[in-house]
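The following exercises look at pairs of charged side chains. Work through each task with the structure in view before reading its solution.

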Amino acid sequence: MSRLTIRRGPQPGKVFELMGDVITIGSGSKNTISILDNDVSREHCKLVRSSAGYELHDLDSRRGTFVSGLRVKNGWVLRTGNIIELGENVTLEYLADPTGTDQLAANPGTPASPPVATGGGLLRNLQLSSDRPDPAKTPWLVVMDGDKAGQRFPLKNPAITIGRDLTNDIVLADAEISRTHVRLKWADTDYLLEDTGSTNGTEVNGTRLPAKSPVKLKPDDKVSISGRVDLLYTYQPDSPGLPSRQEKSQPIPPAAPTLRQTSTAESPAAIKPTSRLGTGLKPGALNDHILIAYTRDMWEPVVARMMVALQDARQKPWVDQYLNEGSEDWMAAVDQAFAECWMGIIIVSKPALESKYIQAAFRYFYSRKKPLVLYMVDRPASLPPELASAKAVRHEPLNPTYSFDELIIEVKSRKRG
């Protein structure tokens, strides 16, 4: 028997067995599954049993229904492990019937297909959309610049999503990139690329794409995501001239200079002149942002996910991940962040407390009485005096969502009016 489990929202862990052909979900008491939350409409969505399993349909809900970060409009065939979001506060996990009744063999987790017409173009289009690239000739996306230059993504599935949300097939953790930014769909010989309606747009070979208007990619097309990440669509990812996996877009100094001392009695010095590349920040750009101070080893296991959680809660985190630590641009950007960010989050670990950057961050915020919250990855024997009275949130590695929710509550409680 298939089931839904509440992962986030009221009564986390509660399980609903799915037994009917039509199951309604909403805050109203007459629904098959009633979930009392402000984000859940009275009649929010419904599940309809089909030959392929359960299909999810939105019922014109106020806050929307999402699967893996994509908004559901028409039917969406669910597969086991799909994460269903009702608005922003409620998350459900779908587990299919272990007998296989509800599992979709081909192209699982994609929008439900319309009826198949016989003998026309519709049938051909449906067949093409369910085909996969030839395993012997797989297209790739290669990151051409930035901190991730040289990273390669093989494209093997019939449908692929790209964005900052961790549920995407390709995750680009950048605040300027939308939660689900673009969608790729295989069509006969190459992928169709579609901007999902992103905030900052998508370009192919320098031309901005209209939202919801797929274009077919050709080998050597250049795709720019939000102007932040440039990707090359290619069948030859190891061709001479492409960045290697070890290359960076700017050299790392052989000995990174120490972050200059920030006086606890004075404002930071005027922003240091930057290199030709620059920091990408205009004066005042970080006035409504939150500084996350961490050591680089914490990016993948903690900070990337934390950023997504904060952004989804309509907060504005800032991190230095896109800059080479110790470079001119990094030092100028950090100085600006210290001066402008209204709040700081310190990722506490033993290496962090020994980092001059982390020490400068919490001392600066403490001396100016800016709000500080500690996110405790490790629990050190003792904390510096400046951090002794700061509110601490403990990282739960087996349930980071719980920790991020607690952190968001602390952030919102300190938010300036």
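**Exercise 1.** Is K316 buried, partly exposed or exposed?

Solution. This is a predicted model, and the category follows from the relative accessible area. Buried means under 20% and exposed means over 50%, with partly exposed in between. K316 has a relative accessible area of 42%, so K316 is partly exposed.

**Exercise 2.** Find the residue with which D288 forms a salt bridge, and explain what the pair ties together.

Solution. Begin with the contact itself: D288 pairs with K316, and their closest N and O atoms are 2.8 Å apart. Next, place both residues, for D288 lies in the loop between β22 (229-234) and β23 (290-293), while K316 lies in the loop between α2 (299-312) and β24 (317-318). The salt bridge therefore ties together parts that are 28 residues apart in sequence. Finally, consider accessibility: D288 is partly exposed, with a relative accessible area of 31%.

**Exercise 3.** Describe the salt bridge between R296 and D320, first by distance, then by location and accessibility.

Solution. The closest N and O atoms of R296 and D320 are 3.5 Å apart. This pair links distant parts of the chain, with R296 in the loop between β23 and α2 and D320 in the loop between β24 and α3 (328-340), 24 residues apart. R296 counts as partly exposed at 25% relative accessibility, whereas D320, at 1%, counts as buried.

**Exercise 4.** Which residues are joined into one network by salt bridges that share partners?

Solution. The network consists of E85, R164, R179 and D312. The structure as a whole holds 16 salt bridges.

Key: Residues numbered from 1 in each chain as written. Predicted model: local features only at pLDDT ≥ 70, side-chain atom pairs only at ≥ 80, totals over all residues. Heavy atoms only, no water. Salt bridge = Lys/Arg side-chain N within 4 Å of Asp/Glu carboxyl O. Helix = DSSP H or I, 4+ residues; strand = E, 2+ residues; numbered from the N terminus. Buried < 20%, exposed > 50% of the residue type's maximum accessible area, 1.4 Å probe, protein only.
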